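I am opening a notebook on a structure that is new to me, and I want to write down what I look up, one topic at a time. The sequence and the model come first, and my entries follow.

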Amino acid sequence: MVSSSRNTAVAGVLHGVTAADAARLAADPALSAVIVPDGRREPWLQELAELVSGERLVIPRTTLPSVTPDEFTGWAHTALAGSPASVAAPLADAMAGILARVVDTAGTDKVMVRVFTEAPTRRCGFHVDTVPPQSPTVGAVRVYNGPTTEYVACEDVLGMGEFYTYLARRERLSRQAERERRADGPDGTALAELCAMDGNPSFLRPGAVVRRVPADATVFFRHLDVRRHWSVHPVTDVWIHRSPMRGMARLVLNVSPVPGRG
Ligand SMILES: [Fe+2]
């Protein structure tokens, strides 16, 4: 049985002190992620959590395919125009700061951003994030409130062959469960199987635990060139992670590098 636990020391994951530690990913191929805590908890984060969980601050699921940090800041000020300035201004700055760090680390000038406020669902289980061919590979995720991202230690993964076998089966089951849900009949077998897969991932060593990112932390992590997805590559080339399966509406920011410096 896999249980969630807070992480202490995990091979492949560095607990950094400042966002500058994201650069360690470029230097050390044995690292798949760097987790950077905020340090002192800023008071606006509590106000933000209350607004998002109460659905008084809502950001519909949005993808910005290619933006600079400055362009993102402009978008964020518009998107947050209806929110209290005490939250909107520091939030826009904080998110733009993560973009700036990804840009610096990747040696590029633009990123793809996915941002939304939503309650977690069972739709998306353990996965790896990918980038287009020949893109830089270090991106970031930040969850601003509610349950945080879950992940596994590289040393706990039996192998990428085992992981992709699991992923392929889970993706099929997830689609089947969605079809069964839309059919609006009695629950089929897919959802029960999906829950069993999520509760006991077959690609993990016996006794392995699922880790959870601490609250108020940003994760800088390795993305995979999409051409290598489904291939048997080193486990440290990816960060295997998932959203929690249930809980309140959360504000989530995903940042992926895109190639080129203009
Ligand atoms: Fe992801």
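Before turning to the sheet, I note the rule I rely on: two strands pair if DSSP finds at least two bridges between them. I also keep in mind that this is a predicted model.

**Entry 1, the sheet.** I looked up how the strands are arranged, and I found 7 strands forming an open sheet in the order β2-β3-β10-β7-β13-β5-β4, with mixed pairing. The edge strands are β2 (13-15) and β4, each of which pairs on one side only. From one strand to the next, the twist averages 15 degrees.

**Entry 2, strand β10.** I then asked myself which strands join β10 by 5 bridges, and in which sense they run. Strand β3 (residues 33-37) pairs with β10 in the antiparallel sense over 5 bridges, and strand β7 (residues 138-143) is likewise joined to β10 by 5 bridges and runs antiparallel to β10. To find these pairings in the model, I picked one residue pair for each: V34 has F220 in β10 as its bridge partner, while V141 stands opposite V219 in β10. I also checked burial along strand β10 (residues 217-222), where 5 of the 6 residues are buried, so the strand is largely enclosed by the rest of the structure.

**Entry 3, the pairing of β4 with β5.** At the edge strand β4, I followed the pairing to β5, to which β4 is joined by 4 bridges, the two strands running antiparallel. Here the pair I marked is T62 and V115, the latter being the bridge partner in β5.

**Entry 4, helix α3.** Next I wanted to know which residues of helix α3 (residues 69-79) are buried, and I noted P69, F72 and A76. These three cover an arc of only 55 degrees around the axis, which puts them on the same side of α3. On the other side of α3 I found D70 and T78, which are exposed. When I looked for what the buried residues of α3 pack against, I arrived at β4 (62-67), α4 and β5 (110-118).

**Entry 5, helices α2 and α4.** I reminded myself that two packed helices are described by the angle between their axes and the distance between the axes. For helix α2 (residues 43-53) and helix α4 (residues 85-106), the angle is about 110 degrees and the axes are 9 Å apart. Since angles of 65 to 115 degrees count as roughly perpendicular, that makes α2 roughly perpendicular to α4. The contact is made by W44, E47, L48 and L51 on the side of α2, and by S86, V87, P90 and L91 on the side of α4. Sorted by class, the contact of α2 with α4 has 6 nonpolar residues, 1 polar residue and 1 charged residue.

**Entry 6, two positive phi angles.** Finally I looked at the backbone of E55, which has a positive phi of about 55 degrees although it is not a glycine. E55 lies in the loop between α2 and β4, and E55 is exposed, with 11 other C-beta atoms within 10 Å. I recorded Q134 beside it, with a positive phi of about 65 degrees although it is not a glycine. The place of Q134 is in the loop between β6 (130-131) and β7, and with 10 C-beta neighbours inside 10 Å, Q134 counts as exposed.

Terms used. Residues are numbered from 1 along each chain as its sequence is written. This is a predicted model: local features need pLDDT of at least 70, side-chain atom pairs count only at pLDDT 80 or more; totals for chains, interfaces and linings use all residues. Axes are lines fitted to C-alpha atoms, for helices over the stretch in contact, and angles run from 0 to 180 degrees between N-to-C directions. Angles under 35 degrees count as roughly parallel, over 145 as roughly antiparallel, 65 to 115 as roughly perpendicular and the rest as oblique. Two residues are in contact if their C-beta atoms, placed from the backbone, lie within 7 Å. Ala, Val, Leu, Ile, Met, Phe, Trp, Tyr, Cys and Pro count as nonpolar, Asp, Glu, Lys and Arg as charged, and the others, Gly among them, as polar. A residue is buried if 20 or more other C-beta atoms lie within 10 Å of its own, exposed if 12 or fewer, and partly exposed in between; C-beta atoms are placed from the backbone. The arc is that of the directions from the helix axis to the C-beta atoms.
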